[in-house]
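Got your viewer open? Load the model, switch on a cartoon with side chains available, and keep the selection box handy.

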Amino acid sequence: MAKPAKPSGPSQRQLRVGELIRHALAEMLARGDIHDDVLAKHVVTVPEVRLSPDLKLATCYIMPLGGLDIAPVLKALDANKRYLRGEIAHRVNLKYAPDLRFRADESFAEAERIDALLDTEAVRRDTQVQRLRIDQDHEDQDPETDRRDDDR
């Protein structure tokens, strides 16, 4: 009997618990529940929280508004990790409160890199050639021959 293939991505439970943790963490940061001078000066977003399969390790991706001063914000969050874990344990009903890791969210930088690539002259030239081919294909097709004759 063949074994079923392992899923390649996170489970529904991992995604759901990650969203609950993300909401709780974002709410704490927005309300100023963490008494830290660095965090008080920055507006911090939490775009994603990924959990390990056993739900005991949560990697929280964060980004300060504007992407400035990421290192001090990460250091402040690491310093307040114990408090944050306790608050998340109270807000999210889990058997174990996951250990928190904070990482800088690189998705915004990656999106800017892709936008810059798409804006290069070579890509613009290729997309224009492709558009011309599509337009030419549409002009070559005669609308009368595409229509079926229902009188037969």
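What follows is a walk from the whole chain down to single residues.

**Before you click**

This is a predicted model, so local features are described where pLDDT is at least 70 and side-chain atom pairs count only at pLDDT 80 or more, while totals for chains, interfaces and linings use all residues. Residues are numbered from 1 along each chain as its sequence is written, and side-chain values use heavy atoms, with hydrogens and water left out.

**Stop 1: the whole chain**

Colour by secondary structure: the protein has 7 helices and 3 strands. Helices here are DSSP runs of H or I with at least four residues, strands are runs of E with at least two, and both are numbered from the N terminus. Trace the chain along its sequence and you pass through α-α-β-β-α-α-β-α-α-α.

Now switch on the surface. The accessible area of the protein is about 11,800 Å², and 51% of that belongs to carbon and sulfur atoms; areas are from the Shrake-Rupley method with a 1.4 Å probe, and for residues only the protein chains shown count as cover. Of the 152 residues, 27% count as buried. Buried is under 20% relative accessible area, exposed is over 50%, and partly exposed is in between (1.4 Å probe, protein chains only).

If you like contact maps, take the contacts (heavy atoms within 4.5 Å) between residues at least 6 apart in sequence: 62% of them join residues at least 24 apart.

**Stop 2: helix 3**

Select residues 70-79, which make up helix 3. Which of its residues are buried? Pick out Val73, Leu74, Ala76 and Leu77. They sit on the same side of the helix because they cover an arc of only 160° around the axis, the arc being that of the directions from the helix axis to the C-beta atoms. Spin to the other side of helix 3 and you find Ala71, Lys75 and Ala79, which are exposed.

What do the buried residues of helix 3 pack against? Show helix 1 (12-31), helix 2 (37-41) and helix 4 (81-91), then add strand 1 (44-51), strand 2 (57-64) and strand 3 (99-104).

**Stop 3: salt bridges**

Next, show the charged side chains. A salt bridge here is a side-chain nitrogen of Lys or Arg within 4 Å of a carboxyl oxygen of Asp or Glu, and the count comes to 8.

Start with Glu19 and Arg22, whose closest N and O atoms are 3.0 Å apart. Both residues lie in helix 1, 3 residues apart, about one turn of the helix. Glu19 is partly exposed, at 36% relative accessible area.

Then select Arg91 and Asp33, another salt bridge, with closest N and O atoms 3.0 Å apart. This pair links distant parts of the chain: Arg91 is in helix 4 and Asp33 is in the loop between helix 1 and helix 2, 58 residues apart. Buried or partly exposed, where does each partner fall? Arg91 is partly exposed at 33%, whereas Asp33 is buried at 18%.

For a third pair, go to Asp78 and Lys81, where the closest N and O atoms are 3.8 Å apart. Asp78 is partly exposed at 37%, and Lys81 is partly exposed at 25%. Now select Glu27, Arg31, Asp33, Glu87 and Arg91 together: salt bridges with shared partners join them into one network.

**Stop 4: rings**

Hunting for ring pairs? The structure holds 0 aromatic pairs, taking rings of Phe, Tyr and Trp (its six-membered ring) with centres within 6.5 Å as a pair. Instead, select Lys56 and Tyr96: the charged end of Lys56 sits over the ring of Tyr96, 4.4 Å from its centre. The cut-offs for that are NZ of Lys or CZ of Arg within 6 Å of the ring centre and within 35 degrees of the ring normal.

**Stop 5: loop residues**

Move to the loop between strand 1 and strand 2, where you find Pro53. Pro53 is exposed at 72% relative accessible area. Add Pro10 to the selection: Pro53 and Pro10 are 43 residues apart in sequence and 7.4 Å apart in space, C-alpha to C-alpha.

Leu55 is also in the loop between strand 1 and strand 2, but Leu55 is buried at 11%. Check its backbone: phi of Leu55 is near 60°, a positive value in a residue other than glycine.

Finish at Asp69, in the loop between strand 2 and helix 3. Asp69 has a positive phi of about 55° although it is not a glycine, and its relative accessible area of 44% makes Asp69 partly exposed.

Technical notes
Phe/Tyr/Trp six-rings, centres within 6.5 Å; stacked < 30°, edge-to-face > 60°.
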